Every structure is written in structure tokens, then in C-alpha cells.
Amino acid sequence: MAKNAPAKPNDGVNRAKLYQLVLFPLNNGATNVYFVLILSYIAQFGSSVLKLGMFASIMVTVMRVCDAITDPIIGAMMDRTSTRIGKFRPFMILGSAIMAVSVIVLYMLLPLIPESMMALRYIAFTLVYFVWVIGYTFQTSCTRAGQTVLTNDPNQRPMFTIFNTIGSMLGMGIMQFLIPLIKASFDVKDPATGALLSSGYANPALYRIITPIGIAISVFLTILAIIGIAEKDRPEFYGIGGAKQEKVKLSEYVEIIKNNKPMQRLMVAGAGCKLALAIATNTTVLLALYGILMGNYNSLYLPMMVLGYVFAVPFFLLSVRTSQKEGQKASLVRYVSVALICYVGVLILLVMCQNGNPALTLSFPFNGGGSINLYTIAFILCFGIGYGAYYATADMPIPMVADCSDYETYRSGKYIPGIMGTLFSLVDKLVSSLAQTLVAFIFLLCAGLSDLPTDGTPYSFGIKIAVIVMFCIIPMLAWAATLLAMKGYSLTGKRMKEIQAVNSVRKSAIAGGMSLEQSMQMWKTMEDVEKKPLK
């Protein structure tokens, strides 16, 4: 036994205060501002404003792949970082600053390069976008890794999902709401017919307006998130070794990936969820759905977005309750299944849709729309319930990364939240990086479009097929992959309580002088904890 063994530990649970649970997830909201501002609009900007054509879509994919590759490197840096302001806050601050500067250069300065210097546009676009990607990785990595110090309470950790989603709504939702409204003021229409002559997304002035708005919102949310984690971003909360935590060698990461089976399955599930979200909410796909297929983007986009959020609210509450009672795996499986079933109805309705037929297209009585019909009611129900169930669980793999990180500490004794979070995001980003290229490729394959469509692009049957594939079929396949991966996921609610109890008694023993190796030999199961309590 260790010298100077400490008193018997408490229940071993590191609990967060309510304000910490509320504020720290806003870090994800801060980065999701850029998810909309950059990842949703960069291809449109590159194609329509900088005149880079398909190069912009291809570069989005290439940079996401680069982003995925740099993730583990940045994760390793994070695990080895310890400063006066902690492990995570330096990366949040630096990431926010890098993104703010790079997006100003990207959206506000690159359009000033004359068309006679197109080569410089290509080079500058690539370099600035790459710098932005580094900043994005710095800050997003903290959302996953920082949870491990915030709380390990099985009843609190599921609450991260709901506050994380609220943070996403504040960041992503505000931008999704504002940008189309601002864009509409830049649309150029034929005064005689009202036909759209030029989309606002092709006007550089739009991006000069939305850039400072996005930066201001993101910086504000980042400051709140830093306040939320400040008290917990200290060595005493870093794994079972605390300040004595050993550095992990780069050569050990392969072994970690190989032996952490839950993490492997979660990477597949997370990638599936992200691909579904990235494709189904892609700006160009929604333009094609509501503007071309349904015929009135301005009257449909915002109402359908708001309805999706409204339907998500009850599922937020249900998913948290299910997670607290049965574990996060049970909640993810249950509500992704609901989404998959409902989207069968959305698929059927899109197949039935007939452009120009008021009875078989969506219709709302404002902004030039018509009266609500039975088709609209059916679509609202299928889409609303399906999207609500999915959206409530879309970010659930994020707190589950913390479970996998705690499992790794239990399995190997290593506290490596940075590398665990970035290993997850590596596969997540590699898969989701396909989103923009898939969008461009499917429009090319199905509709023969060499440039991305806008809401002024004429309707064709090929565009309808492309929308059905991207809005329904790809998300449904991604959800099916998520359900398949979760079948063998072992970190149930009961199992996590056992892991936390073992980690807690080991931590107390190490604090009293016992070595990591001794503690791991002495306490391996819940039975050991009960039979061999600390004196």
C-alpha cells in the first residue's frame, strides 16, 4: 500500500457547477458560427465571387482532409501543454484569433484582387483557407477534450448535449437565420417579371456584412466558454495522475487506436452523423430544394429551418432524460432510429413532388407563397419529427468522446483528451470533407451542372434526383452506419459508472503516494473497489 494513504474517497465524481455546464459548450457555438460562415458558404463564394469555379469545392475537400491530418498533431500538442492559464484556454484563444483574422482576409480582401490576376486569387484562397483550418482545429479540439475536466458525472455529462445544442443554435442558428435575410436584399430581380437575375450570394458586399457579424458572435461565445472552463482547467483535474501525468509518446498513439474499441465505433458513428448534417444542411442543396424544386426559396427556407428547431426542443429533453437513465448510447440509437424512419416519408414526398404543381410542392402564405396544402402538412410532420430527433442527437458523439477518454484512462492509465478528441475528429472530418465535393459531383452527374446552382437556376429532373440523393438518401445511409456502429459500443451508462468508480479510487491512491502501476494492478473492477477500499 502507499505511504500516507489518503482517507477513503468520496463518490469519485467530478461535478460541474450549472454555469460551467451552460457556458463551456458555447465553445462549440463559437466554432459553429464559422461552420456556417465558412463551410456552408465558401464554395458559393469561391465560385460566384472569386470566379474559381469547381476549384473552390475541390479545395474545400482538400483542406478538410488536411485539417483531419493535422488534428492528431494538434491533439498531441494539447496533451503536452500546461500553462499558467491551463491546457485548453490557450488553444481556444489562439484558435479564435486565427479564424477571425483569416476570415477577414478571405471574405473582405481577396475580392479586391483583380480578375487579371486570377493566379494570385487561386494561391491566396488556398493559403488563407489553410490558415483558417488550423485555427478552426485549435478551437474545436477543445470542445471535445475539455469535457474531461468539466465533469465525469453520468447524470451531468448528457446535459452537455443539450447545452451544446443551445450553443450551436446561438452560433449556427443565428447565422443561418441572418444570412438569407441579408442575402435577399442583394438579389437582383427583373422589375417586370420578378425573375431572379442575380443571386445575392454572388455579391461581394454580402460577405463584407456577414463577416464582422459572425466574428463578433463567435468571439463573444468564446469569451463565455473560457469563463465556463476556467475553474476546471487546472492540473488536479487532469486524469488520475493529475500534475504527475506522464507524457505520451507519439509511438503509443497507434496502440491506443488499436485497443480502444469504443472509440473506433464512436468515430464511425460520429462521422455518419456529421456527414448527414453537412450534406442535408448544405447551402447549395437547400437552395436547390426550396428555390428550384419547390420554386420559392425566400418563402420556404426560414420557416422550414425554424420548424426544424421547434421540433427539436422536445427531443432535446427526451434525449437527455434517456441518456441519464440508460446511457448516451441508448439515447443516440433510439432517436437516430426515429430520424431514419421519418425520412422514409420525406423521401416518398420528394419523389412525389412536381415542380409547378401547387398541390405537390411546399407552400406557405407569405413572401409570394400560396396557401398551406396537404403535401406541406405531411412534409412538415415527416421532416419536422425526423430532423428534430436527429438534430437533438447530432452532437451527442461529442460528450461520448469524453466517455472514451475516461475509458482510455481506465484501460491504460493515460490522460490524453487532446489526442482522443482529435482522433475522433480525424475520421469525422475525413468523411465530412466529402460533403462539398459530393454536392458538386452529384449536381454534375445528375444534372450536368459544371457550376453550383443558385435559386435562379432553371428546374430540371436531374436537379430533382440530385436533391433526393443528397437531402434524403445520403443522410439515411449515414444514420444506418451510425446504428450499425453502435451495436458493439460497450460504454453503456452502467459501465461508465463502474469506470468512474475505479478511476476515482486509483486517483486517490496516487495522490497518497502509490504509483500508477500499483494502483492499476490493485483496482481493475468494481468488485475490487468494494473489496479493497482505501483506508
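This short talk goes from the whole chain to the largest cavity inside it.

Good morning. One point before we start: this is a predicted model.

Let's take the overall build. The secondary structure comes to 22 helices and 2 strands. The radius of gyration is 24 Å, and the globule rule gives 24 Å for 535 residues, so the chain is as compact as a globular protein of that length. What box do the C-alpha atoms fill? Along the principal axes, roughly 90 × 50 × 35 Å.

Next, inside and outside. Of the 535 residues, 60% count as buried. The chain exposes about 20100 Å². Carbon and sulfur atoms supply 68% of that area.

Now contacts. Take those in the chain with a separation of 6 or more. Residues 24 or more positions apart account for 81% of them.

On to the cavities. How many of 30 Å³ or more does the structure hold? There are 6. The largest cavity has about 320 Å³ of space.

Let's look at its walls. The lining of the largest cavity has 24 residues. Which lie nearest the centre? They are N28, R144, K274, D395 and I398. Find those on your screen.

By class, the lining has 10 nonpolar residues, 8 polar and 6 charged.

Which helices each supply at least two lining residues? Start with α2 (26-40), α6 (118-145) and α8 (157-184). Then add α11 (261-280), α16 (397-412) and α17 (417-432).

That's the tour. Thank you.

Methods: Residues numbered from 1 in each chain as written. Predicted model: local features only at pLDDT ≥ 70, side-chain atom pairs only at ≥ 80, totals over all residues. Heavy atoms only, no water. 1 Å grid on protein atoms, 1.4 Å probe; cavity = no way out; pocket = protein on both sides within 12 Å on 5 of 7 lines; lining within 4 Å. Points joined across faces, edges and corners; volume = space filled by probe spheres on them. Helix = DSSP H or I, 4+ residues; strand = E, 2+ residues; numbered from the N terminus. Nonpolar A, V, L, I, M, F, W, Y, C, P; charged D, E, K, R; others polar. Rg over C-alpha atoms; globule rule 2.2 N^0.38 Å. Buried < 20%, exposed > 50% of the residue type's maximum accessible area, 1.4 Å probe, protein only. Contact = heavy atoms within 4.5 Å. Areas by Shrake-Rupley, 256 points an atom, 1.4 Å probe, with all protein chains shown as cover.
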